[in-house]
Amino acid sequence: MGMMDRDWYRERFARKTLEIEGPLDDAFGEPARIRRGVSKPWRPPLPRGAAVGEFWSWLWSILSVILLLLWGWLKWRG
């Protein structure tokens, strides 16, 4: 039985048998650890090294194409 199963059964027992309503706070869960400052919230990994420059060049290229299409659409429309 995994960690998720154990938590699910614990919550199910608390709600049905003990008739607890509302959210249950697990003192050792990830949200509680973040509140105490023990662990940091998860953030998606950022590109590092050469990939950073590649990311910005792709972003600049896509924005340029979008602006060019917008300019052409406005010129054609008006």
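Buried means under 20% relative accessible area, exposed means over 50%, and partly exposed is in between (1.4 Å probe, protein chains only). This is a predicted model, where local features need pLDDT of at least 70 and side-chain atom pairs count only at pLDDT 80 or more, while totals for chains, interfaces and linings use all residues. Residues are numbered from 1 along each chain as its sequence is written, and side-chain values use heavy atoms, with hydrogens and water left out.

Q: Why is G29 called buried?
A: G29 has a relative accessible area of 13%, and the cut-off for buried is under 20%, so G29 counts as buried.

Q: Where does G29 sit?
A: G29 is in the loop between α1 (3–16) and α2 (30–36); helices here are DSSP runs (H or I, at least four residues), numbered from the N terminus. From G29 to D7 is 9.8 Å, C-alpha to C-alpha, with the two positions 22 residues apart in sequence.

Q: What pattern does the protein chain follow?
A: Along the sequence, the pattern reads α-α-α, with three helices and zero strands (a strand being an E run of at least two residues).

Q: What makes W56 exposed?
A: Its relative accessible area is 52%, and exposed means over 50%, so W56 qualifies. You'll find W56 in helix α3 (residues 50–77).

Q: How many aromatic pairs does the structure hold?
A: Just one aromatic pair.

Q: Why is the pair of F55 and W56 called edge-to-face?
A: Rings of Phe, Tyr and Trp (its six-membered ring) pair if their centres lie within 6.5 Å; planes under 30 degrees apart are stacked, over 60 edge-to-face, and the rest tilted. The F55 and W56 ring centres are 5.1 Å apart and the planes sit at 75 degrees, so edge-to-face it is.

Q: Why is F55 called partly exposed?
A: F55 comes in at 43% relative accessible area, and partly exposed lies between the 20% and 50% cut-offs, so that label fits F55.
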